[in-house]
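Grab your viewer and let's work through a few exercises together. Each one sets a task and then walks through a solution.

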Amino acid sequence: MKTVVIIGAGRGGTALLKLLMETKKMEVVGVSDIDPKAPGMVIAKENNIQTHINWKDLINSKIDIVIEATGYKNLIEEIKEVCHKDTTVISGTIANFIFQLIDEKESLIAYMKEHGTVQETILNSTHDGMIAINMDSEVTLFNDAAGKMADIDANSAIGRKIEKVMPTSQLPRILHIQKEETNQEQLLDNGRKILTTRVPLICGNEMIGALAVFRDITEIVQMAEEVTSLKSIQTMLEAIIHSSDDAISVVDEQGLGIMINPAYTRLTGLLPEDVIGKPATADIYEGESMHMHVLKTRKAVRGVQMRVGPKRKDVLVNVAPVIVDGVLKGSVGVIHDTSEIKTLTDQLQRARQIIRTLEAKYTFDDIIGDSDEMKIAIEQAKLAATTPATILLRGESGTGKELFAHAIHNESERKYNKFIRVNCAAISESLLESELFGYEEGAFSGAKRGGKRGLFEEANKGSIFLDEIGELSGNMQAKLLRVLQEKEIVRVGGTKPIQIDVRVIAATNVNLEKGMNDHTFREDLYYRLNKMPIFIPPLRERKEDLSKLCIHLIHKLNQDYGRAIYNISVEAHKLIKKYDWPGNVRELENVLGRAMIYMTLNEHVIETKHFQHLPTIEKGTVQSKTTSRVLMNATLSEQVDSFEKEIIMTTLESCDWNKTAAAKTLGLSVRNLYYKMEKYKIEKNFMQ
């Protein structure tokens, strides 16, 4: 049973109260009127119905229907704002209509009683449908209004049994019960809904028949259903708007806010009370209000940049007018946070970088070299690839250690899993541990919620390439040793070990044996890494590979630079064979690339003149001879250090002491170059 509250206890409200008290489908639970002595208030109190002069005290979420019967124009909107979203509010227009119907019925009955005959009633009743029968259930009255409502010819109905004319009239039942039935809803055979009152006709003390007076309420019911349907649609639209992740604001035709969603509050920091009922400019921090612009021009705008709210959010705004039957009703704005777009772009770029690090791009076919030294290194690497053993790639900077690491992974059974590359010297020690092993939530300030997987976890079932392993600090060496021994890692800030299955490929260009002697590199880690050492020869020891290397690198550089160089001259080849290439293949690639840059577009062969930036060959030769004489009786370690020092000095001089360019030529990180300069005490004014 539906619960009803009537607001207004005058003539209309009282009539509705009487009507609803007789129906079994609705229960009046409250009546309100500013006059406590109003007729409806008195009747309500007599029937134990709650009354109150303030209608708001009667409203709660359990009320199904609120009927406004005061006739005040603006009260209906206030009632809608106070009522629960599931409560149906019926305006005073419908209430007045029902009152008129009841009033006319009562007037009709009074008129009939006064005049005493059906004929006088017919002459004075033409507004509503009326049907009368005698004691034999024969139709004695069937007016035109009744004929129109029932789609029946009124004249043909007179004299016929009411059961034949209108089986649903229920007038024969009135003859039997001899009681009045007021305001009964009835469905006619043609589908029309009517509200009818059926009364017995009494002349003197004798019953002479029965009368039905009714009015078509089909349109009223449809209107009520449409109101209910519109309310459902409104509720659905509000639910959709409030569930959207896009910030949405709606203003009326005057530019006053009427609706925002939670996403709008999250984005701008403005609450509903800051916006609803306020001008559309209330949320603007910088820029013109697009709501006002659209209301003025009646044209939609898209992609307008501005700042909104106290948080000064940079946003993109799309606003469109709301036009109903050619009348402007307001506008709707959708606001996009550009910071989210930037975050997504950064995440996409990060994902692309990760994808690039997860791929092993090279195979042994990409390693150029026919020298015996290189063939031995390749055979050792292929053999090592078939085993799960840790591999240590040793060689000078620029010899191709990373190329070997790619090829080993692609030759192994792990080639369909991830290949992670880490330059141990390029990441600061404070970050390296969390990058390698990951961290738990709250491990340190700025840690991501939920923590983060480390590179070892990312490489599980695959391979991880640790370049410049000799640059690790003692603390990191101990943690790496645990990984190699126990096959498990512990995240930063965590206590639970995580089992991993990773093939470690390490590489270094420093003398690890000297590091052990100097106590800068752990012996136990050295022996763990040195299970399968592979020595990659420097370019000066395999100059017979220079020709093939040059052709291979020229083809690669052609694609990078968009050139069409196809060879190197014999004289140029003889020249580069005289040079010892301290930067190895990386230096050779840089020299060839620099030569190609200085060549004209119509030149297709590299000549000696194009190597004008190559370090002086003769100078290098003299220095080598001098070094050999000076360090004739020195240990191998001392000779290596001296030679490395000379190479760094020569490269710095050729680069005009530009340390970034020198590091790039030598294939070192800038950090590593500074470390070596400090180690050998190399300064610009240094005199050997």
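**Exercise 1: two odd backbone angles**

Lys487 is found in the loop between α19 and β22 (488–489), where helices (H or I, at least four residues) and strands (E, at least two) are DSSP runs numbered from the N terminus. Before going on, some ground rules: this is a predicted model, in which local features need pLDDT of at least 70, side-chain atom pairs count only at pLDDT 80 or more, and totals for chains, interfaces and linings use all residues. Residues are numbered from 1 along each chain as its sequence is written, and side-chain values use heavy atoms, with hydrogens and water left out.

Task: find the phi of Lys487 and of Trp581, then say whether Trp581 is buried or exposed.

Step 1. Lys487 isn't a glycine, yet its phi is positive, about 55°. Lys487 counts as partly exposed at 39% relative accessibility (buried means under 20% relative accessible area, exposed over 50%, partly exposed in between, with a 1.4 Å probe and protein chains only).

Step 2. Trp581 is no glycine either, and has a positive phi of about 50°. You'll find Trp581 in the loop between α23 (570–577) and α24 (584–598).

Step 3. Trp581 has 0% relative accessibility, so it counts as buried.

**Exercise 2: salt bridges**

Task: work out which parts of the chain the pair Glu78 and Lys56 ties together, then do the job for Lys418 and Glu458.

Step 1. The structure holds 24 salt bridges (a side-chain nitrogen of Lys or Arg within 4 Å of a carboxyl oxygen of Asp or Glu).

Step 2. One of them joins Glu78 and Lys56, with the closest N and O atoms 3.2 Å apart. Glu78 sits in helix α3 (residues 75–82) and Lys56 in the loop between β3 (50–52) and β4 (65–68), so the pair ties together parts 22 residues apart in sequence. Glu78 is partly exposed at 34%, and Lys56 is partly exposed at 39%.

Step 3. Lys418 and Glu458 also form a salt bridge, their closest N and O atoms being 3.0 Å apart. That pair links distant parts of the chain, 40 residues apart: Lys418 is in the loop between α16 and β18, and Glu458 is in helix α18 (residues 455–458).

Step 4. Look for a network too: salt bridges that share partners join Arg173, Glu181 and Arg198 into one.

**Exercise 3: the largest nonpolar core**

Task: say how many residues the largest nonpolar core has and which element gives the most to it.

Step 1. The largest nonpolar core has 30 residues (a set of buried Ala, Val, Leu, Ile, Met, Phe, Trp, Tyr and Cys residues joined through side-chain atoms within 4.5 Å). Those with the most contacts inside this core include Val422, Phe456 and Leu480.

Step 2. Elements that each supply at least two residues of this core include β18, α17 (429–437), β21 (463–467) and α21 (523–529).

Step 3. The top contributor is α19, which gives five residues. As a general point, nonpolar side chains in soluble globular proteins tend to be buried together.

**Exercise 4: a pair across the sequence**

Task: how far apart are Gln305 and Val317 in sequence and in space?

Step 1. Place Gln305 in strand β14 (residues 301–308); Gln305 is exposed, with a relative accessible area of 66%.

Step 2. Gln305 and Val317 are 12 residues apart in sequence, and their C-alpha atoms are 6.5 Å apart in space.
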